[in-house]
Every structure is written in C-alpha cells, then in structure tokens.
2 protein chains.
Amino acid sequence: MIFRQLFEKTSSTYTYILADANTKDAIIIDPVIETVDRDFKVINDLGLKLKYAINTHVHADHVTGSGLLKQKIPGCKSVICDPNAKADIHINEGDKLNFGIKKIEFLSTPGHTNGCVSIVCHSAKSIFTGDALLIRGCGRTDFQQGNPGLLYDSIHTKVFTLPNDYIVFPAHDYTGQTNSSIGEEKKYNPRLSKSKEEFIQIMNNLNLPYPAQIDRALPANLVCGVQE
Amino acid sequence: MIFRQLFEKTSSTYTYILADANTKDAIIIDPVIETVDRDFKVINDLGLKLKYAINTHVHADHVTGSGLLKQKIPGCKSVICDPNAKADIHINEGDKLNFGIKKIEFLSTPGHTNGCVSIVCHSAKSIFTGDALLIRGCGRTDFQQGNPGLLYDSIHTKVFTLPNDYIVFPAHDYTGQTNSSIGEEKKYNPRLSKSKEEFIQIMNNLNLPYPAQIDRALPANLVCGVQE
C-alpha cells in the first residue's frame, strides 16, 4: 500500500492518497481545490493512476478539488454519498470500492451532515472519518442538517465498533495532530466518551462562529467544486 | 512501534514521537516549545515513558521544547550532536540509542549547520532528516556554518545510500506534505538530484530573507530552550 497524508493550512484539512503499490491504482479522499496542483504532482511523481476522487461529505469549510482533478486526470470518477450533490458515483452504507487489489468500505455516519460517510480500509487498519469523528473532537452539528443525537449514534454504533488499534485519520485537525486510534478516542474524546444526553448538551452549547468559507463552499461542493 | 507525527503551524515544524509498543519507552524528535503541552498530553494519553528528547540540530526557526519536557518528565534526557549546545547526551556519527527493544542510529549530516544529524530507525524503515533533507528541498546554507558542498556530500554519501523505500520524515514542510521516500528524493529533489556544482550554485543564489525567529531561537536552543 502506498499512503500519503497531505495538509491544507487555511482550512486545516487533511487529504489522503491511497494506492495499490503493485498496480498503482489510487484513490484520493477530500482533496482541496487550492492544493490540487500539489496533489496532482504527488500522484504523477509516484506514477499513480487515480481512479476515484472521494468526498466524505459536502464540506462547508473549503471547496473540494475533486472536479479539478477530474479535469486533469481523464477517467477519474468523483464519489460522494449525499444525493443532493453531483458526482459520478453515489455510494451508500456498506458499499465498497476497489483500487488494484485494495478495497475500501463505506459506513454511513450522519450527524454532522446527512450525507457524511466514514471510509474503512481494513488492510491498512485505518478509518477515514471525515468530520464525523475528529481527534479528541467531532464535527459541529449546528448547520447543514446537523443532529447531535444522530452523530452520537453514528460514532457509537459504527465507528467505535472497529478494533481499538484501528488508526483514525480525520478530515481536519486544528492542533497539528495527524492521527489517533479508535481506542484512544473511545477513552479520551472529551465529547464522545460522555453519555448521549451529555453529548447533545455539549454540542447544543458550543456557540461557534459562522463558518468563514460556507457561503462559497456549499454551492461549489454540490458540483465537485467547479461549475461546468 | 507506536508512531506519531505532529505539526507546529507557525514554523511549519514536524515533531515525532516513537515508542516501543510493549515497554512504552519513547523518544521525541524536535519538539517545539509552543506545543509542549500538546505533546505532553499525547505522551500521557498513550501511557509512554519518555526517555530522550532529541534535537536534530540547533534550530534557527523555532525554540526547542526539550528543556520544558525535561522539567515535566523527570528522567527524560536531552540529546544533541552540536558540542556548543547544552544537553544531557552529546551524540556523534554512528551512535545508537535504544527505547525498549527499538533502536535509532545517528548519521552526522552537516551542511545546514555543523551539528546536524539524521536519525535512522531501521525497524520502521524511516529516516528523520531534520533540516538536511526536506521534501523536494533542503535546509538553507547561508547562516550558522552553512556549507552547500558539505550538505551535498552529507546527503549523497550518507542519506541517499539508504534503500529507496525508506520513508523520509523531515523537520519541516511548507506545502502540507508529511513524508517522502529516499527513492523519490533521489529522483525528484530539484536541488539534490543535480550535480554538486549545480547544487552549490543554486544554494548560493537563493537570496532568502533573514529568518524571523533566529535572534530568539539560537541562544535559547543552546540551552534546551529554557534558561535555568
């Protein structure tokens, strides 16, 4: 397996590239439009064939790079769960995608948005949690169909059923941490280690500011970041 | 092996924590004073016993966190190569340190500064190159005993003799990339893939600005970041 974690500073977004080391078939998770040139260079330098550009959800804090990558790499297909967003492939709970002999599996993990998915790669003992589960945190639930009770259930009935040693790769971190583990988050996540009632109360009282990029990001991310 | 890569945004510095998963004995490479609390929390959450706080060199762009970590974690020893810097242990070319059953080996890789080391962990197929080798770049050579010819030789006669699949973990990246490989840097590094003469010419004509934190960082880093 070839694996790269990449960071976009303005929105503190992590982008991930995974590839089969033999066939060079690759996927990218949550690319950002501002860093498409960097990601395209990494893909080319490593000799990868990008099959899928996947968004874990319709992001409110940055514009996706999936549309630009599709323009640069013929044959690459965009993938999302949200039925309201345009993409080549709409996936649902339990769906799988292959790249070479490697495989990822999608878990529907709504609560931050209705269309949020987490992506499990068992051969890498890893889960890419998007904004559902962050390191010692989670995505906010005060816009875009956010629902704290639903998010709590998504994490506890799906994400937290994975083995404790599975690595958690989130879509963001604001403290410079690059990954965590299921065991750590079950034990130390200051929100999700609480009861459902306590979690809902925490999430309903965060009083967060209006997201800086939301008015630009939401309409763009419904069409892979680029208008046709 | 337990492994964590951590990022400090202001100076774009990577800090690394490595530990033996069984004994929990750990080392930290290039901690930053502003993120010591974060790193200390990671160390505690993972139940690690920090044996060594290592600096790859006397940094000019941030103040080390090694002294503060020593204050917080009794028994932790500071490690550096530079004979002018204060530390519990001064290491030299070929020296090794153990944490649990894991081992790291030091390569003297001067050129950015005289006291620069790179740290090889064969069991993780990884090298921590400090500022000697960066992803598609290298440390500047225009202050602090910088010498481009010496840096070129350090990389070509030592770092680049490792297998192509060894992972390169640098002390900084300014583009959001988290790692590279020896094979990639041999092939694609725009400076170090050139001849020695071309490299020296490139390095002598970078015309870089005066480092923002150097006047604060250099004296502090000669005493592990904290005055006694």
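Here are some questions and answers about how the labels on this predicted two-chain model are earned.

Q: What makes the two copies, chain A and chain B, related as by a two-fold rotation axis?
A: Look at the superposition: a turn of 180° with a shift of 0.0 Å along the axis lays chain A on chain B, and the RMSD is 0.0 Å. The copies are thus related as by a two-fold rotation axis. If you want a landmark, Lys9(A) is the residue of chain A that comes closest to that axis, with its C-alpha at 4.0 Å.

Q: How do you know that the copies meet through the same surface?
A: Compare the interface residues: 95% of those in chain A are also interface residues in chain B, so the copies meet through the same surface.

Q: Why is Ile101(A) called exposed?
A: Its relative accessibility is 70%, and the cut-off for exposed is over 50%, so Ile101(A) counts as exposed. You'll find Ile101(A) in the loop between strand E7 (96-99) and strand E8 (102-108) of chain A. The C-alpha of Ala19(A) is 9.5 Å from that of Ile101(A), with the two positions 82 residues apart along the chain.

Q: Why is Ile214(B) called buried?
A: Buried means under 20%, and the relative accessible area of Ile214(B) is 7%, so the label fits. Ile214(B) belongs to helix H6 (residues 214-221) of chain B. Leaving out residues up to four places away in sequence, Ile214(B) touches Ala60(B), Phe143(B) and Pro219(B). Gly75(B), 139 residues apart from Ile214(B) along the chain, has its C-alpha 29 Å from that of Ile214(B).

Q: How do you know that Tyr166(B) is buried?
A: Same kind of check: with the limit at under 20%, a relative accessible area of 8% makes Tyr166(B) buried. Tyr166(B) sits in the loop between helix H3 (148-157) and strand E13 (167-170) of chain B. Its contacts, apart from neighbours within four places in sequence, are Val120(B), His122(B), Lys125(B), Ser126(B), Ser180(B), Ser181(B) and Ile182(B).

Q: What makes Lys125(B), one of those contacts, stand out in its phi, and why is Lys125(B) called partly exposed?
A: Its phi is positive, about 45°, although Lys125(B) is not a glycine. Most residues other than glycine have a negative phi. As for the label, partly exposed runs between 20% and 50%, so 37% relative accessibility puts Lys125(B) in that class. Lys125(B) is in the loop between strand E9 (117-121) and strand E10 (126-130) of chain B.

Q: Why is Gln145(A) called partly exposed?
A: At 41% relative accessibility, Gln145(A) falls between the two cut-offs, so partly exposed it is. Gln145(A) lies in the loop between E12 and helix H3 (148-157) of chain A. Here too phi is positive in a residue other than glycine, near 60°.

Q: Which residues of helix H1 of chain B are buried, and what do they pack against?
A: In H1(B), residues 36-45, the buried ones are Val36(B), Arg38(B), Asp39(B), Val42(B), Ile43(B) and Asp45(B). They pack against helix H4 (182-188) of chain A, and within chain B against strands E1 (2-8), E2 (13-19), E3 (25-29) and E4 (49-54) and helix H2 (66-72). Just after H1(B) comes Gly47(B), with a positive phi of about 70°.

Q: Which residues touch the most other members of the largest nonpolar core?
A: The core has 40 residues, and the ones in question are Ile54, Ile104 and Phe106 in both chain A and chain B. Among the contacts of Ile54(B) beyond four places in sequence are Ile27(B), Val79(B), Leu97(B), Ile104(B), Phe106(B) and Ile119(B).

Q: What lines the largest pocket?
A: The largest pocket holds about 1,500 Å³ of space. Of its 45 lining residues, the closest to the centre are Phe3(A), Ile167(A), Phe169(A), Asn179(A) and Phe3(B). By class, the lining has 19 nonpolar, 15 polar and eleven charged residues.

Q: Which element gives the most to the lining of the second largest pocket?
A: That's H1(B), with five residues. This pocket has a volume of about 670 Å³. Of the 34 residues in its lining, Leu134(A), Cys138(A), Arg140(A), His172(A) and Tyr174(A) are the closest to its centre. The lining has 13 nonpolar, eleven polar and ten charged residues.

How values were computed. Residues are numbered from 1 along each chain as its sequence is written. Chains are lettered from A and ligands numbered from 1 in the order in which they are written. This is a predicted model: local features need pLDDT of at least 70, side-chain atom pairs count only at pLDDT 80 or more; totals for chains, interfaces and linings use all residues. Side-chain values use heavy atoms; hydrogens and water are left out. Helices (H or I, at least four residues) and strands (E, at least two) are DSSP runs, numbered from the N terminus. Buried means under 20% relative accessible area, exposed over 50%, partly exposed in between (1.4 Å probe, protein chains only). A nonpolar core is a set of buried Ala, Val, Leu, Ile, Met, Phe, Trp, Tyr and Cys residues joined through side-chain atoms within 4.5 Å. Contact means heavy atoms within 4.5 Å. Copies are superposed by least squares on the C-alpha atoms of residues with pLDDT of at least 70 in both. On a 1 Å grid over the protein atoms alone, a cavity is a set of points where a 1.4 Å probe fits but cannot get out, and a pocket is an open set with protein on both sides within 12 Å along at least five of seven lines; lining residues have an atom within 4 Å of a point. Grid points are joined across faces, edges and corners, and a volume is the space filled by probe spheres set on the points. Ala, Val, Leu, Ile, Met, Phe, Trp, Tyr, Cys and Pro count as nonpolar, Asp, Glu, Lys and Arg as charged, and the others, Gly among them, as polar.
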